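Have the sequence and the 3D view open side by side for this one. We'll walk along the chain and stop wherever there is something to look at.

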Amino acid sequence: MLSIWEPFWLHEAIRRRVCVALFVLGCIVPTAGLLVWGLWRITPWHLQQQAAELERLLGLVVRLEKVAYPQPNVAIYEGVELADPDTGQSILRADQVQIRWTPAAATTRAFVGQVKLSFQGMEIYTDSLARLVELVRRALAQPAHWPRYEVQIEADQLRLRTGQQIRTASELTGFLQPLEVGTHGRLVFRWPGTQTSQPIQIRFGRDHRPKPPVSGLELALGDSAIPCSLLVGLWPGLERLGPLASIRGTLWICQHQGQVEYRFQGQLFQVDLRTVFGEELGPELSGLAQLDLEEARMLNGRLEEAAGTVRAGPGTISQRLCQAAVRELGLASSLHPLHEQQTLSYEQLAVSFRITAEGLLLRGIAPGPTPGGILVDSHRLLLGEADPSAQPIPIAALIRTLLPPERIPGPMLAPVTRQTALLLPLLPLPRAESVLAPPTLQTQPAAAFVETASRSPGQ
């Protein structure tokens, strides 16, 4: 009996056909398939497919100039640009992005692998920073169509473009890591022109244990003072501080149940008082100020409480505003009644303050012959404390101070006008039983999660 391992029972022609078929299936077809696959990767259609896949993941418009695969598990994208899908405005650009995939350790269950992103010529448009922050929030939320990878980020330089002005930071490193109970990450870089040992740190996290989840972000500037214009997309309202304003300190942002809470401790420099109040509010007050904030808390864009000191000068103030401060805020003054359109010059404004829903407390700290000075010039007290033990000044009185007398309806009322409409959404609401007062947002869970997760072992 013949064995199937003995080919001699087949005719020679059949054996040749079998060998040819095996050669075609085992050699020619794979080689041709690999050739077609390689040619496909250098066609414009493959580039469009890659851009479309990135758009699906990021939710942004993605433009690519070239993609290459120099070795397995490595891809290099050139001419990368991310843009806002609604306005088409650029958000981020990079000359080159190298992506390297590596499998995760067998003991890791939180993510399936690691992705390392190396940027060259990275540039961020600060005018569209809000869209970039939204992308980080999506990454923390880990949508279902996102693969759970630990992401490592590095870049030698980071250009921040504000209009036509470019500032270059250096030594950017960071990570984004999924956890069993959420996601956390961190970015670290050095600000140009600073020689401090403390780099700028951005830590962020999302805790999935509360329902709904809590997201938190911490921006620690260390000893670096950066322009406020760079953070407008992160903290709305900073544009009112003026083009020269800069910020130093620590900012915390917490998002929970549709509410966003901001907390800040630090300093604000070169604040333009004229732009803070705006031309719509009428009173004339000018000068560059420095604010040292012990604490400041905002909820959904409304100031809940703040405490610190303000120092400004030299500058100008209108006579009308001085008279209104005496009349409405109960401040003392050595001025004689003058024409209300007259403008006065001051040398120094110095006051410590605390503002809450209960009202405003002011303590004058300006140097001068009279203690309790708030606003002084070279030889007289323009404004000062009337009674250091006085009760907090009502918020309505502060609003009436900023309005002309003819627009004030009564001693206990704040008129609803175009001018007050700019202030009412920003100032604290009284804690009377009002349905307009938003509930206090507890940020400790998110803050503790970011603090603990960002310092996890191995990072």
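What follows is a tour of some helices, charged pairs, cysteines and a loop.

Before we start, keep in mind that this is a predicted model.

Let's begin with helix H1, which spans residues 12-40 and includes Val 20. Val 20 is exposed, at a relative accessible area of 52%. Together with Phe 23, Val 24, Leu 25, Ile 28 and Val 29, Val 20 makes up a nonpolar surface patch of about 540 Å².

Next up is helix H2, residues 44-58. With its 15 residues, H2 reaches 21 Å from first C-alpha to last, close to the 21 Å you'd expect at 1.5 Å a residue. Which residues of H2 are buried? They are His 46, Leu 47, Gln 50, Ala 51, Leu 57 and Leu 58. Those residues cover an arc of only 140° around the axis, so they sit on the same side of H2. Flip to the other side of H2 and you'll find Pro 44, Trp 45 and Gln 48 exposed. A bit of background helps here: an α-helix has 3.6 residues a turn, so residues three or four places apart point the same way. Just after H2 comes Gly 59, with a positive phi of about 75°.

Now for the charges. Side chains of opposite charge can pair when their charged atoms come close. How many salt bridges does the structure hold? The count is 18, and we'll pick out a few.

Take Arg 63 and Glu 81, whose side chains meet in a salt bridge at 3.3 Å, N to O. Arg 63 belongs to strand S1 (residues 61-63) and Glu 81 to strand S3 (residues 74-83), so this pair ties together parts that are 18 residues apart in sequence. As for their surroundings, Arg 63 is partly exposed at 38% relative accessible area, while Glu 81 is buried at 14%.

Another salt bridge joins the side chains of Arg 131 and Asp 86, at 2.6 Å from N to O. Arg 131 is in helix H3 (residues 129-141) and Asp 86 is in the loop between S3 and strand S4 (90-103), so the parts being tied together are 45 residues apart in sequence. Here Arg 131 is partly exposed, with a relative accessible area of 25%, and Asp 86 is exposed at 64%.

Further along the chain, Glu 305 and Arg 297 form a salt bridge, with their closest N and O atoms 3.3 Å apart. Are these two buried or exposed? Both Glu 305 and Arg 297 are buried. They also belong to one network with Glu 261 and Arg 263, joined by salt bridges that share partners.

What about disulfides? The count is zero, going by a cut-off of 2.5 Å between cysteine sulfur atoms. Still, Cys 19 and Cys 228 are worth a look. Cys 19 counts as exposed, at 52% relative accessibility, whereas Cys 228 is buried, at a relative accessible area of 1%.

Our last stop is Ala 366. Look for Ala 366 in the loop between strand S20 (359-364) and strand S21 (373-376). Ala 366 has 8% relative accessibility and counts as buried, because the cut-off for buried is under 20%. Along the chain, Ala 366 and Glu 347 are 19 residues apart, and their C-alpha atoms are separated by 9.9 Å.

Note on methods
Residues numbered from 1 in each chain as written. Predicted model: local features only at pLDDT ≥ 70, side-chain atom pairs only at ≥ 80, totals over all residues. Heavy atoms only, no water. Salt bridge = Lys/Arg side-chain N within 4 Å of Asp/Glu carboxyl O. Helix = DSSP H or I, 4+ residues; strand = E, 2+ residues; numbered from the N terminus. Buried < 20%, exposed > 50% of the residue type's maximum accessible area, 1.4 Å probe, protein only. Patch = residues over 30% accessible without salt bridge, like charges linked within 9 Å, V, L, I, M, F, W, Y side chains within 5 Å. Areas by Shrake-Rupley, 256 points an atom, 1.4 Å probe, with all protein chains shown as cover. Expected span 1.5 Å × (residues − 1). Arc of directions from axis to C-beta.
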